[in-house]
Amino acid sequence: MITVRHASDRGQANFGWLQSRHTFSFGSYYDPHHMGFSALRVINDDIVSPAAGFDTHGHRDMEIISLVLEGEIEHKDSQGNRQTLPAGEFQLMSAGRGIYHSEYNASSTQALRFLQIWIEPNEQGGEPCYQQKDFGKQAGFTVIATPTGEDGTLHIKQDARLLQLILPPSESATLALEAGRHAYVHQVAGTLDVETTSLAPGDGTKIEDIHHITFRNKGNETSQALVFDLP
């Protein structure tokens, strides 16, 4: 079964310095029909004004992934990490028993756009951890995060995998899911057919009870999507 969540149907928030679209309920946006999917709890598409950002705030027991689409994030946290996250790089912050951090647009002239993703962990507490990596833009599937951190992937505290799918025009790819697993696809750029369902930028889809998922790019530009393999 495939269930589509169109970009235009997402929740919205506008704070002047921040414009955000929420795939699932978040902050002041509440929809009991969209509270998350499996362990996936948040996908926010955030646009932050120049020199603005999120002041220091706390998290605990959450796996927080960021992917910068445009601009750069200036990150600081209570573990002593001070990093700049440029476009194309992934960041994974395991909040563990508690961490404080701030995120700012590193530019005083250009807007920052990034995806903020929350995944609920399968273990509570523990030492907070920060990871950051550029996985490139090679065609096909690239595994970004795994429960073991194997083969240079980011280590996530959940029985879940995050994959990046890059498909040039007229190309296709297939993903096999184990029995009982679920998948969620978030379309980042270009268009993509997931089985017989077409996705545009910002669209998402829940996938259940399908063990082999076929992806096809029938458009004229390269397609980029995030694929979550979930319990």
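These exercises walk through a predicted model, each with a worked solution.

Residues are numbered from 1 along each chain as its sequence is written. Local features need pLDDT of at least 70, side-chain atom pairs count only at pLDDT 80 or more, and totals for chains, interfaces and linings use all residues, while side-chain values use heavy atoms and leave out hydrogens and water.

**Exercise 1. The whole protein**

Task: Describe the fold in terms of helices and strands, then its compactness and its burial.

Solution:
- Start with the secondary structure. The protein has zero helices and 22 strands. Both are DSSP runs, numbered from the N terminus: helices are H or I with at least four residues, strands are E with at least two.
- Next, take the radius of gyration, computed over C-alpha atoms. The value is 17 Å, close to the 17 Å that the globule rule gives for 231 residues, so the protein is as compact as a globular protein of that length. The rule is 2.2 Å times the number of residues to the power 0.38.
- Then look at the extent. The C-alpha trace spans about 45 × 40 × 35 Å along its principal axes.
- Now burial. Of the 231 residues, 52% count as buried. Buried means under 20% relative accessible area, exposed over 50%, and partly exposed in between, with a 1.4 Å probe and protein chains only.
- Finish with contacts, meaning heavy atoms within 4.5 Å. Among contacts with a separation of 6 or more, 70% come from residues 24 or more positions apart.

**Exercise 2. The surroundings of Y100**

Task: Place Y100 in its strand and decide whether Y100 is buried or exposed.

Solution:
- Find the element. Y100 sits in strand β10, residues 99-105.
- Check accessibility. Y100 counts as exposed because its relative accessibility is 52%.
- List its partners. Leaving aside neighbours within four places in sequence, Y100 is in contact with T56, H57, G58, K76, D77 and S78.
- Add a distance. Y100 and P128 are 28 residues apart in sequence, and their C-alpha atoms are 9.9 Å apart.

**Exercise 3. Salt bridges**

Task: Count the salt bridges in the structure, then examine the pairs R60 with D61, E127 with R97, and D159 with R181.

Solution:
- Fix the criterion. A salt bridge is a side-chain nitrogen of Lys or Arg within 4 Å of a carboxyl oxygen of Asp or Glu. Side chains of opposite charge can pair when their charged atoms come close.
- Count. The whole structure holds nine salt bridges.
- Take R60 and D61. Their N to O distance is 3.6 Å. R60 is exposed, because its relative accessibility is 53%. D61 is buried, at 16%.
- Take E127 and R97. The closest N and O atoms are 2.6 Å apart. This pair links distant parts of the chain, 30 residues apart: E127 is in the loop between β11 (112-119) and β12 (129-134), and R97 in the loop between β9 (89-94) and β10. E127 is partly exposed at 44%, and R97 is partly exposed at 49%.
- Take D159 and R181. Their closest N and O atoms are 2.9 Å apart. D159 is partly exposed at 41%. R181 is buried at 14%.
- Widen the view. D159, R161, R181 and D229 are linked in a network of salt bridges.
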